[in-house]
Amino acid sequence: VSVTAASQLTYNLFHPLSATLTHLTLQMEDAYRVPVNCLSSLKALKMLSWTNSGLVSIKNRFVGLNNLQTLDLSRNTIYSIPAGVFDDLEKLKFLDLSENLIEYIHPHAFQYTTK
């Protein structure tokens with residue numbers, strides 16, 4: 001599934017696919033309009049690519065994504081990595097934060113990651 005406009009995203013958009021959707025690509029210029037927890041129902045999601053979207057804040061964006069293995073957040077405008085932002089990502093193996101504007105990484109940002 002690929003989504004290109006934040007206006008297409010709602011809290012219940014992915015609900016019918018919550019148990020089967022494994023790969024999702026988000027590319028949009030207005031990422032700030034995406035509801036913070038709109039992805040939380042995607043329990044089967046293994047790969048999320050959210051690139052080139054002007055994404056600034058990632059706080060609470062990945063709650064409930066326990067099966068996520070690959071997270072690509074490259075080429076955004078992320079300035080900081082807050083504490084606990086990756087806590088629910090128990091199976092995360094690959095994280096790409098390249099080409100962002102990261103100025104601060106909280107000391108507890110990765111406290112519960114295993115790799």
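A residue counts as buried when its relative accessible area is under 20%. The model used in these exercises is predicted.

**Exercise 1. Find what share of the protein is buried, and how much surface it exposes.**

Step 1. Take the chain length: the protein has 115 residues.
Step 2. Apply the cut-off of under 20% relative accessible area. By this test, 41% of the residues are buried.
Step 3. Turn to the surface. About 6300 Å² is exposed. Carbon and sulfur atoms supply 52% of that area.

**Exercise 2. List the elements of the protein in order from the N terminus.**

Step 1. Count the elements by kind: 7 strands and 0 helices.
Step 2. Write the order. From the N terminus it reads β-β-β-β-β-β-β.
Step 3. Look at contacts along the chain. Among those with a separation of 6 or more, 48% join residues 24 or more positions apart.

**Exercise 3. Place strand β3 between its partners, using serine 49.**

Step 1. Locate β3: it covers residues 47-50.
Step 2. Pair β3 with β2, residues 23-26. The two run parallel and share 4 bridges. Here serine 49 is the bridge partner of threonine 25.
Step 3. Pair β3 with β4, residues 70-72. These also run parallel, with 3 bridges. On this side serine 49 has aspartate 72 as its bridge partner.

**Exercise 4. Which way do the side chains of β3 point, and are they buried or exposed?**

Step 1. Recall the rule: in a regular strand, side chains alternate between the two faces of the sheet.
Step 2. Sort the residues. Met47 and Ser49 point one way; Leu48 and Trp50 point the other way.
Step 3. Check burial: all four, on either side, are buried.

Methods:
Residues numbered from 1 in each chain as written. Predicted model: local features only at pLDDT ≥ 70, side-chain atom pairs only at ≥ 80, totals over all residues. Heavy atoms only, no water. Buried < 20%, exposed > 50% of the residue type's maximum accessible area, 1.4 Å probe, protein only. Contact = heavy atoms within 4.5 Å. Areas by Shrake-Rupley, 256 points an atom, 1.4 Å probe, with all protein chains shown as cover. Pairing = 2+ DSSP bridges.
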